[in-house]
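Thanks for coming. I will go through one chain today, starting at a single residue and working outward. Please have the sequence and the model open.

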Amino acid sequence: MGTDGGADHTSPSLDLPPPTIPPNVKVVREDLPNRSIITRPGFGTSGKRISLLANHFKVSITNPDETFYQYSVAISFEDNKAVESKVLGRKVIDKLYQTYSSELAGKRFAYDGDASLYTVGPLPQNNFEYTVVLEESIAKCSGNPSDNGTQIESYKRSKSSLHSKTFKVEISYAAKVPLNSISHALQKADPEKAQDALRVLDIVLRQDAATRGCLLVGQSFFHDDSRTFTDVGGGVTGVRGFHSSFRPTLGGLSLNMDASTTLILTPGPVVDFLLVNQNVKETRYIDWAKAKKMLKNMRVKARHNNLEFKITGLSEKPCNQQLFSIKVNSGGSPEGDGETVEITVYDYFVKHRNIELISSSYMPCIDVGKPKRPIYLPIELCSLVSLQRYTKALSVTQRASLVEKSRQKPPEKIRVVTDAIKNSHYDENPVFVACGISVEKHLSQLDGRVLDAPKLKVGNGEDCLPQNGRWNFNNKKLLNPSQIDHWALVNFSARADCSHLSRELINCGRNKGIHIERPYAIFEEDPQYRKASPVTRVEKMVEHITATLPGPPEFLLCVLPERKNCDLYGPWKRKCLCNLGVVTQCVSPIKINDQYLTNVLLKMNSKLGGINSLLAIENSRRIPLITDKPTMILGMDVSHGSPGRSDIPSIAAVVGSRSWPLISRYRAAVRTQSSRVEMIESLFKPLANGEDDGIMRELLKDFYETSNGRKPTQIIIFRDGVSESQFTQVIDIELNQIIKAYQHLGETEIPKFTVIVAQKNHHTRLFQASASENVPPGTVVDTNIVHPTNYDFYMCSQAGKIGTSRPAHYHVLLDEIGFSPDDMQNLIHSLSYVYQRSTTAISIVAPVCYAHLAAQQMSQFIKFEDSSEQKNTTTGGSIPFPELPRLHKNVAGSMFFC
C-alpha cells in the first residue's frame, strides 16, 4: 500500500486530449457558480481545556456615533511639482496644522502620509487651499538636499534659496466614515463596512508613531534608540520595535500589540559601514564598484554643515584628484565674481573651508548631486543616517544572528508587550479622545483546547504515540522502507571522508529497515576544476559519472562543501532532476551520528517512494469524510524574489496528494510567473492547439493514475501566503482556474471544494495563563480573539522550545465538503504530523510546507543562469521571465523536494 502503482486500465475521459474544435465554432461554457466566503458554522469542542492569554488588548468606544470625515490631500512645490516623499508630506501637514489651526476649528488630523487625511467631525469648509512654508533645516532633512559644499557660488545661492521652502496644499472633502460601522460589524452586521473605520484607526496609530520620529513599516513602528539596536553583521542592524493594529474580534474590538523587528543600515561613518559590509580591514581593499552599488540612494549627514543628502553615486577619481570649477578673487578666496579656476575637492575643503581631512585623499568622493551637476563630499565627512531600512536578502550568518537576538521567551514577550501598551499613551491621542477610545492595559484572557496527538504507524506494525509533538525511530523501522541497489556517492568537498560516510549510512539504514548496497563508486571532484564556475564543476562531474557507471543510478548522494547557500546546489539539482532523471540528496556533514544519519535517511526514503510513517487512521482508512470519497489535498504557495527586483520571476508551486486514500504522499508542479504576482497564473494554461499545459492537469492525472483509476470528487485546498484582502481572489481567480482545468479534462461533475488559507505572517501570540512555558502542541483557539463572523481559528501544533511559539492562523473560505469544526481542526492538526522529513509536528500543514520546499528548490534552477542563456521565456506584463525546465519523467512523481 502507498506505492505509486495504480490500476492497469485508464480513463478515456482523463487520458484522451479534448476534441478538436473547428475554427468557426465558438465554445460557450456555462458560467461557473458564484462562490462567497462562508461564515463560522460553529465551534470545536474536542480536546482538553486550557486557560490562555493573548496579546490582544480590549478596546472600548464611548462615542460610537462619531463620524470620520475623509479629505483628499494634494501637496506640491511652488512649481506645481507633486511632493512624493511621505516624510516631507508629514512635515508639511504638521506645519499646516501649526499655522492654520484656528481656521480649521482646531481639528486634529489623522494623515496617512499620502493623499488622505481624516478628522473627527467636519472641517469648517469642504475645500481649502493653503501655502505652507518650511524652514531650511526642515526642508533639508526631508531628503531633498540641493546644497553642494564644493562649488562656492552654488553654495551661497542655495543657502539663501533654501532658507525656506514654500508648498501648496489643497484639501477637499471626499467621504464620511461612520465609527459605528465597527460596532455593527462586531454585532455581525455588514462586517465589510467596518474596514474603512478600522483603517482610519490604524492610520491614527501610524501618525502617532510618525510624530514620535519612528520608522514606519506597515503597522510596525521603530524608535531611533540605540538600546533597541542589535548588530547582525555586514553593516546591518536589527531594530526592535512594536506592531500595533486594531482587530475586530468575537470578544469585541481589540488592539493587537506585538514585539517586532526590522533591519536597517548600521548608522555611523560611511567608511566604517563599507569596511564591515565588505568584510575587509583596510580601506585600500574596498571594492568601490560594489560600494557604489550598495550606497546608491542611501541618506547621509555631512559633518561640516549638519545637513542631510541622498547619495547618487561616487566620483570617478579620488578626492585629491577630482577637480571642479570655482571662482576666486585675486587673494585666492572664493568669490562669486572672481576668476574661474580648477581645484580638487580635497584642496577646496582643506584650504577654503579649513576642514582637516585625514583619510579621504585616496578614496572616491560621495556624489549627492545630479547626473549633469555632481556635488562631491569627502567620504570621511559623511555618516549614514539612522533608521534607513535594509531590504536586501540576508546571508545565512546574518539571518541566524537576527533570529538568535530577536528571540523572546513567553514571560519576556508578555513583559515587553504590556510595557509597550502602557508607554504608548494611546488614551491621550486627541483623535482617540474625541472618539472616546480607550485601551485596556492587560492581555486578553481566553480559553483554548489542546487536541490529542494523532497515533502514528511505523514499521513492523508498531504504533507510535508522539509525546509533546515529538517522536523518534530509536529501535524502530520505517513503515515502508525502500531498497537502494544501484547508487553512487559524489564528493565536491575536499574535507569529507566519503568512505566513512557511506559505511555509517548503510549501517544506520539497516537498523531502520532500508537495505542499502555498497555504492558502485565514490566520485571525487578533480582538483583542477575546483576554481571553475559551479555549472562547469557540475558538468564535469556528471560527465565523469555517466562515463563510469554502467547505467543510470537509482540515487546519488552528493557531498557539498558548504551546508547552506552552496552555489553548486542549484546546478547539481537541475542536472539530476531535469537531465539525468535521478533523485539526489545533498549533505554537508559536520558530525556524523545516528540522529544525523536518520534525518538523511528519512529524506532519502521519501524521495525514493518509501513511507516513513503514516497516521494510524490513514493506515486503517478511517479519516472522516476523506476515506469515503476520492479526496485530493492541495498545498499552494508563491515565493517571490528580493524586494525591488522586478527582473526575478515569482515561483508558483502546488503539491497534490496521490495514492488516495493516503494523505501523506504528494507530487509537486512548479512554474515561474510575473514578478511579485501573488495569484497563481498557471493552474489552467490553455495553449493555442487546445491543450492545457497548466499545473492542475498534471496533478489531476497523477492522482487518477496513482489512485486505482479514481477521480477526485472532493478537493481540499490549503493556500499559503495571501492576506485577508486577497481572500476573494483565491475563490474568484484560483479556484475558478482549478475548475476550468477539471472541465478541460472532459469532466462535467465538478468536485466539492474546501478552501483554507494558512497564515504564519501575523502578530497574534498565545501564552499559558499559569505557566511560563509555551502553549503545548495541539493548542487551538476558535473563540474570543477570532473574527466576529468569518470562519477562522488559531492552532499551535508545534512544540516551541526556543522563543515564543507563533500559532498558525487558518481561515476557512469555503467548505462544500461539510466538515464539522472538530473534524476540520483535527484534520489540520493531523496534517502537521505527516511531514516525512522530520519526527516532530510542524507549525503548519505539511502540504503547505511541501509547496514552499518545491518552490524554494526549483527557484535555484534559474538563479545560476546568465540571462543570455535563458532561451525559454514567457512574457508576463511587459517583462519576460524565464520558464523553469520540466522535471524528467523518472522523478516528476517523486517527493524530490523532501
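F897 has a relative accessibility of 1%, so it counts as buried, where buried means under 20% relative accessible area, exposed means over 50% and partly exposed lies in between, with a 1.4 Å probe and protein chains only. Before going on: this is a predicted model, in which local features need pLDDT of at least 70 and side-chain atom pairs count only at pLDDT 80 or more, while totals for chains, interfaces and linings use all residues. Residues are numbered from 1 along each chain as its sequence is written, and side-chain values use heavy atoms, with hydrogens and water left out.

Back to F897, which sits in the segment after β43 (879-882). Helices here are DSSP runs of H or I with at least four residues, strands are runs of E with at least two, and both are numbered from the N terminus. Leaving aside residues up to four places away in sequence, F897 touches V655, Y666, R667, A668, R837, Y850, L853, A854 and Q857; contact means heavy atoms within 4.5 Å. One of these partners, R837, is 60 residues away along the chain, and its C-alpha atom is 9.8 Å from that of F897.

Which residues have the most contacts inside the largest nonpolar core? They are Y810, Y850 and F897, in a core of 117 residues. A nonpolar core is a set of buried Ala, Val, Leu, Ile, Met, Phe, Trp, Tyr and Cys residues joined through side-chain atoms within 4.5 Å. Helix α21 (residues 846-863) gives the most to this core, 11 residues. A second core, separate from it, has 45 residues, including V232, V300, V345 and C365.

Y810, with residues up to four places away again not counted, has among its contacts I756, V757, Y791, F793 and I828. I828 is also one of the buried residues of α20. That helix, residues 821-830, is mostly covered, with eight of its 10 residues buried.

Now to V300, on strand β14 (residues 299-302). Side chains alternate along this strand: V300 and A302 are buried and point to one face, whereas R299 and K301 point to the other and are not buried. β14 pairs antiparallel with β15 (residues 308-310) over three bridges; two strands pair if DSSP finds at least two bridges between them. In that pairing K301 stands opposite E308. Five residues lie between the strands of the hairpin, and N306 has a positive phi near 60°. β14 is also joined by three bridges to β21 (residues 382-384), again antiparallel, with A302 opposite C382.

Last, helix α8 (residues 288-295), whose buried residues are A291, M294 and L295. Seen down the helix axis they fall within an arc of 90°, taken from the directions from the axis to the C-beta atoms, so they line one face of α8. They pack against α7 (270-277), β16 (313-318) and β19 (364-367). Exposed A289 and K293 are on the face turned away. D287 caps the N-terminal end, with a side-chain oxygen 3.1 Å from the backbone nitrogen of A289. After the helix comes N297, with a positive phi near 75°.

For the chain as a whole, there are 21 helices and 43 strands, and 54% of the 898 residues count as buried.

Conventions: Polar contact = N/O pair within 3.5 Å; in protein donor to acceptor, adjacent residues only side chain to side chain.
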